[in-house]
Amino acid sequence: MLVQMELARIIISEINDQQVIFLREVEGDRSFPILIGLFEATSIDRRVKGEIPPRPLTHDLVKSSIEALGGELQDVVIHTLEDHTYFASLRVSKDGELIEIDARPSDAVALAVHYTPHLPIYVASEVLDEAAG
């Protein structure tokens, strides 16, 4: 079962290599952190603040590529937690077919916030139980 989450907080530290995003359950109280890189954290933060770069950056390129190839990113899913590492998928709809593309959770969340409104972010219930437990 998938649980809908939302981006609750971004912590960007200029003195640490790892940045943190917090995902919070939309219809509940659970939340959990994910450690991400500075590039992804900055990309997420810019989009949340409504800042649009003058030229496309990596997440803009992925979004444009999906659209140019006739696909539509419908949502992102964090589906696995293994050895303290999260695994995610981009779920793209194209010609009535659902295509799942492997992605790091940081890139998946960054893509989700590149849309207005933001795309749904889902987490597998067993992952949420383990991460927020």
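**Close-up views of a predicted chain**

**Figure 1. His59 sits on the buried side of helix 2.**
His59 is buried, at a relative accessible area of 3%; buried here means under 20%, exposed over 50% and partly exposed in between, with a 1.4 Å probe and protein chains only. Before going further, please note that this is a predicted model, in which local features need pLDDT of at least 70, side-chain atom pairs count only at pLDDT 80 or more, and totals for chains, interfaces and linings use all residues. Residues are numbered from 1 along each chain as its sequence is written, and side-chain values use heavy atoms, with hydrogens and water left out. The residue belongs to helix 2 (residues 58-68); helices (H or I, at least four residues) and strands (E, at least two) are DSSP runs, numbered from the N terminus. Which residues does His59 contact, once neighbours within four places in sequence are left aside? They are Phe39, Glu40, Ser43, Asp107, Ala110, Leu111 and His114, where contact means heavy atoms within 4.5 Å.

**Figure 2. Helix 2 has a buried side and an exposed face.**
His59, Asp60 and Ile66 are the buried residues of helix 2. They cover an arc of only 130 degrees around the axis, which puts them on the same side of helix 2; the arc is that of the directions from the helix axis to the C-beta atoms. As a reminder, an α-helix has 3.6 residues a turn, so residues three or four places apart point the same way. Packed against the buried residues of helix 2 are helix 1 (38-48), strand 4, strand 5 and helix 3. On the face turned away from the buried side, look for the exposed residues Leu61 and Ala68. After helix 2 comes Gly70, with a positive phi near 85 degrees.

**Figure 3. Helix 4 packs against strands through its buried residues.**
Which residues are buried in helix 4 (residues 125-132)? Ser125, Val127 and Leu128 are. Seen down the helix axis, these buried residues fall within an arc of 155 degrees, so they line one face of helix 4. Their packing partners are strand 1 (2-11), strand 2 (19-25), strand 3 (31-36), strand 4 (72-82), strand 5 (85-94) and strand 7 (121-124).

**Figure 4. Asp83 and His84 share the loop between strand 4 and strand 5.**
Here are two residues other than glycine with positive phi: Asp83 has a value near 55 degrees, and His84 has one near 65 degrees. Are they buried or exposed? Asp83 is exposed, with a relative accessible area of 68%, and His84 counts as exposed at 81% relative accessibility. Glu82, in strand 4, counts as partly exposed at 45%. Glu82 and Val113 are 31 residues apart in sequence, and their C-alpha atoms are 25 Å apart in space.

**Figure 5. Ile101 of strand 6 contacts Ser89.**
Ile101 is found in strand 6 (residues 97-103) and counts as partly exposed at 34% relative accessibility. Although Ile101 and Ser89 are 12 residues apart along the chain, 5.2 Å separates their C-alpha atoms. Beyond neighbours within four places in sequence, the contacts of Ile101 are Ala88, Ser89, Leu90 and Val92.

**Figure 6. A cis peptide bond joins Thr116 to Pro117.**
Omega of this bond, from Thr116 to Pro117, is near -5 degrees. Pro117 has its place in the loop between helix 3 (105-112) and strand 7.

**Figure 7. The whole chain, for orientation, has 4 helices and 7 strands.**
From start to end, the elements follow the pattern β-β-β-α-α-β-β-β-α-β-α. The C-alpha trace spans about 40 × 40 × 25 Å along its principal axes. How does the chain fit the rule for a compact globule? With 133 residues, such a globule would have a radius of gyration near 14 Å, and the chain agrees at 14 Å; the radius is taken over C-alpha atoms, and the rule is 2.2 Å times the number of residues to the power 0.38. Buried residues make up 40% of the 133 residues. Of the contacts between residues at least 6 apart in sequence, 47% join residues at least 24 apart.
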